[in-house]
Each structure stands twice: as structure tokens, then as C-alpha cells.
Amino acid sequence: MRIAVVGTGYVGLVTGTCFSEMGVHVTCVDVDKDKIDALNQGIIPIYEPGLETLVRKNRKSGRLNFTTHLEDVLDGVDIVFSAVGTPPDEDGSADLRYVLEVARTIGQHMNHYLIVVTKSTVPVGTARRVKEVISEQLRARGVDIEFDVASNPEFLKEGNAVKDFMSPDRVVVGVESERARKLMSRLYKPFMIMSDRMIFTDIPSAEMIKYAANSMLATRISFMNDIANLCELVGADVNMVRKGIGSDTRIGKKFLYAGCGYGGSCFPKDVKALIKTAADKGYTMRVLQAVEEVNAEQKLVLFRKLVKYYGSEEALQGKVIAVWGLSFKPETDDMREAPSLILIDLMLKAGATVKVYDPVAMNECRRRLGDRVIYCSDMYDAANGADALMLVTEWKEFRLPNVEMLRTGMKGHLILDGRNILDGDELLQAGFEYHCIGK
């Protein structure tokens, strides 16, 4: 089987690479020539554990190819996946210009039956618009070529995307015809050897499932952050509360960790898009509006704790603050909507000097912040001479720091743990002032 995947971001590159690992011949397409040239040299544009090895292996085998010209590969493929970006517009709606441009190109150049599969996260009704655009182009050419559209949302976690794709807990596919169902079943069969986890639905339901899933996860995070803030006011410990409610099988333990807010490319964008979709239909998503509001406030919590400790924002003038962790989550260099960006901006505006360290996101931080912060070689270099230390991303290497090195290296002794991963008792015994979330 041969397929094309349009877009070489997190979703497109992982999708194409993992299909090629299962023996499918894949051509990944992107309009960014520099990115394609790099991929043809085995250089991948993102940090994702295990991905680079698979890209090089399958490119060498000839099963994985890269090009900038979609029209040149359409004659030789059975399925085209659209995995291009859908950035949010100012009103929160998803920008579909790239999705529709892919559809337009397909309609202008296809010459045989194809399934056009939307892999990007798109609002309900997008597949219908894709179908209309392709049909318009075929009519303009005066040809009648059968095709199907389908929705196949991704459920990949950044930092674990390869494993998620190779061992999915479910594969959701929205289709309109039995022919499309059979071809998509054949494509995913190598991933279903142990058990069939494919869920076939109508197309609107498949489009909605992705938004509903991400919005539920975001809701759990904001709910626990709300509970954590109340725990601090009433003297409870959010970690004990989390264990107590997570043991209820109706609730479960996942996504109940309090922290300094969620970020990334999915949750913020998808919550906004679902709110906007509802608004367009005259409906108000009151729960999700609260989820978004809580998250926006939670990204300010560490800064407010810092200001409270020093007495005022003015008192931050000239202070040196170390930041451990820049990416929105571990195992990725993605800083989109990351709490670190808001915290750093607030501290810089207050006149503080900010020293930063992240295991993989330093280059991304340089791209975003330039020379506004001091870039450090490791976690202890960042802490050296700092008046306060702020842990923002829960990278594993931060979990068990050398307390003696921190005590002798830091100028001050304030530690703000935004992810509740440090041993507070040990730090308090070493003479630190330790503050976390929800305790």
C-alpha cells in the first residue's frame, strides 16, 4: 500500500514514519523546502524520542520519502492524509486555510479513486468542506472521479508519540462508505494484531471525539488546580486529595496532578475551538469557559507566590531568578502556550534577571526570547547565584537534585515547585523556604 502524508509537524511526521515502519510506502509532503531538505538528510525538525532513528531507518529502506510537491505523488497513492496545521484565529476558531488548500490541490490533480483523510484536529463539518472543495475542482476540470473523505483524529502525546502510534489504545475513523472502511481497516491491520481497537463512526462524530477527549483532559487538570488552590486556603494537601479521589474507579488516577497550568499545541487550542464551535451554534460551553479561565489564572500562581514572598513586584527589581524547565511538558522542546513564557515575561517586566535551563528546549527558547534571559549549561549553573529557584517543567532530572549544591550555590533560599515533584521536607531541613502547589 502507498500513502501520502501532507504536513511534517508532530502529527504528520510521526504518522508517516510509523506507517513506513509497518511496511507501507509513504511520501511525506511539506511546502517548507528547508524542512524537506533536512529530512532527506536524516535531520528531523522536532524533538520526539525514538523518531529520528525510525526516520533514518525507513528512509534508508526506501519506504519513507519526502517531497515538496503533492501533485507529483497523487498518481501513485491510495490514501492521502492531511496533517497540516490548524492554528487558532483570534476568535478561537481553527484556521482551515491549509486544510482546504490541500483539498484544492488534490481536486486539481487526482486521476483515480482516493481516500482523503483528515488527520489534523479540525472542527465538526470540516470533512464536508473538504469534500465540497475537491468536488468543485473536479467539476472545474470536467471529470468525474470517485473519492471518499474520512476523519482519523490523532491521540498522540508529545514525548510519547511514537509509542502511542505504534501501540494505540484506540484508532477512531469516521467514514461514509464501506469501501473507505475496508481500505482504512487494511492500512491499520498491522497495529491490530493483538486486539482490534478500531472504532468506526460517522465523520462528524469522529471529528467531535478528538475535541471532546482533549477538553475532558484539560477539564481534569483545571479542576485539580482549582482544588489545589482551595487546599492551600483551608490547610489541606492536594496530593492526599488526589490519591483519595483517584482511587475511585469511576474517576481514575490520570490527569489529576496539580501544577502551574497546562500548555502545548493541543489543549489550549482545542478548548478554544470547541467553545467557538458551540458559540457559532448559539450554545455556551460554560464548563469549558471555566476550564480556560482557571488555566489562565494558574499560570500566574508561581509569580504571585514569588511576589508574596518578597512583599511586592517592586522588590523583584535586581533579583536573580532561576527557572528549571521551559517546555510545556517533559520529553519535548515544544514551548507553545508554555507557563514558562508567561512567568519569565512577568519576572522580566518586574526587573528581575532570569536564568534558564531545560534539557532540550534551549534552542526553542532562544528563538522565542532571544537575549532577554541568561542561558545556562545545566540545572546547577542556572541555580548558581540565584535568589530564588522556580521549577516549571517536571523533567526527571529535576526530581532528585543535590540539595547541598543548591544550598551552597544559591544566593537566596526560596524554591517554588510548580509541579510538586521535589522533596519538600528535605529542602526545609536544609534551610530552604519551599512552596509548592496546593499544600
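**Figure 1. Contacts of Leu-306 in the largest nonpolar core.** In this predicted model, Leu-306 touches Leu-316, Ile-321, Met-347, Ala-388, Met-390, Leu-414 and Leu-416, leaving aside neighbours within four places in sequence. The largest nonpolar core has 61 residues. Leu-306 is among those with the most contacts inside this core, together with Trp-324, Leu-326, Ile-344 and Met-347. Another core lies apart from it and has 43 residues. Its members include Leu-13, Val-26, Ala-83 and Met-184. In soluble globular proteins, nonpolar side chains tend to be buried together.

**Figure 2. Helix H13 and its cover.** Helix H13 spans residues 339-349. Which of its residues are buried? They are Pro-339, Ser-340, Leu-341, Leu-343, Ile-344, Met-347 and Leu-348. The cover over these buried residues includes helices H12 (301-310) and H14 (362-369). It also includes strands S9 (320-324), S10 (353-357) and S12 (388-391). Just after H13, Gly-351 adopts a positive phi of about 95°.

**Figure 3. Aromatic pairs around Phe-19.** The structure holds 12 aromatic pairs. In one of them, Phe-19 and Phe-81 are tilted, with 5.6 Å centre to centre and 35° between the planes. Phe-19 belongs to helix H1 (residues 10-21) and Phe-81 to strand S4 (residues 79-82), so this pair ties together parts 62 residues apart in sequence. Phe-19 is buried at 0% relative accessibility. Phe-81 is also buried, at 0%. Phe-19 pairs with Phe-165 as well: the ring centres are 5.2 Å apart and the planes at 85°, so this pair is edge-to-face. Phe-165 sits in helix H6 (residues 161-166), so the link to Phe-19 in H1 ties together parts 146 residues apart in sequence. Phe-165 is buried, as is Phe-19. One aromatic cluster takes in Phe-19, Phe-81, Phe-165, Tyr-188 and Phe-191.

**Figure 4. Salt bridges at helix H3.** The model has 28 salt bridges. One joins Glu-21 to Lys-57, with the closest N and O atoms 2.9 Å apart. Glu-21 lies in helix H1 and Lys-57 in helix H3 (residues 51-61), so the bridge ties together parts 36 residues apart in sequence. Both ends are partly exposed: Glu-21 has a relative accessible area of 23%, and Lys-57 has 44%. Within H3, Arg-56 and Glu-52 meet in another salt bridge, at 2.7 Å from N to O. These two residues are four apart, about one turn of the helix. An α-helix has 3.6 residues a turn, so residues three or four places apart point the same way. Arg-56 is partly exposed at 46%. Glu-52 is partly exposed at 34%.

**Figure 5. The bridge from helix H8 to helix H12.** Glu-232 and Lys-305 form a salt bridge, their closest N and O atoms being 3.0 Å apart. Glu-232 lies in H8 and Lys-305 in H12, so the pair ties together parts 73 residues apart in sequence. Is each end buried or partly exposed? Glu-232 is partly exposed, with 30% relative accessibility. Lys-305 is buried, with a relative accessible area of 17%. Elsewhere, Glu-158, Asp-334 and Arg-336 are joined into one network by salt bridges that share partners.

**Figure 6. A nonpolar surface patch including Val-234.** Leu-230, Leu-233 and Val-234 make a nonpolar surface patch of about 340 Å². Val-234 lies in helix H8 (residues 203-234). Val-234 is exposed, because its relative accessible area of 59% is over the 50% cut-off.

Technical notes
Residues are numbered from 1 along each chain as its sequence is written. This is a predicted model: local features need pLDDT of at least 70, side-chain atom pairs count only at pLDDT 80 or more; totals for chains, interfaces and linings use all residues. Side-chain values use heavy atoms; hydrogens and water are left out. Patches are made of residues with over 30% relative accessible area and no salt bridge: like charges are joined within 9 Å, nonpolar side chains (Val, Leu, Ile, Met, Phe, Trp, Tyr) within 5 Å. Accessible areas come from the Shrake-Rupley method with a 1.4 Å probe; for residues, only the protein chains shown count as cover. A salt bridge is a side-chain nitrogen of Lys or Arg within 4 Å of a carboxyl oxygen of Asp or Glu. Buried means under 20% relative accessible area, exposed over 50%, partly exposed in between (1.4 Å probe, protein chains only). A nonpolar core is a set of buried Ala, Val, Leu, Ile, Met, Phe, Trp, Tyr and Cys residues joined through side-chain atoms within 4.5 Å. Contact means heavy atoms within 4.5 Å. Rings of Phe, Tyr and Trp (its six-membered ring) pair if their centres lie within 6.5 Å; planes under 30 degrees apart count as stacked, over 60 as edge-to-face and the rest as tilted.
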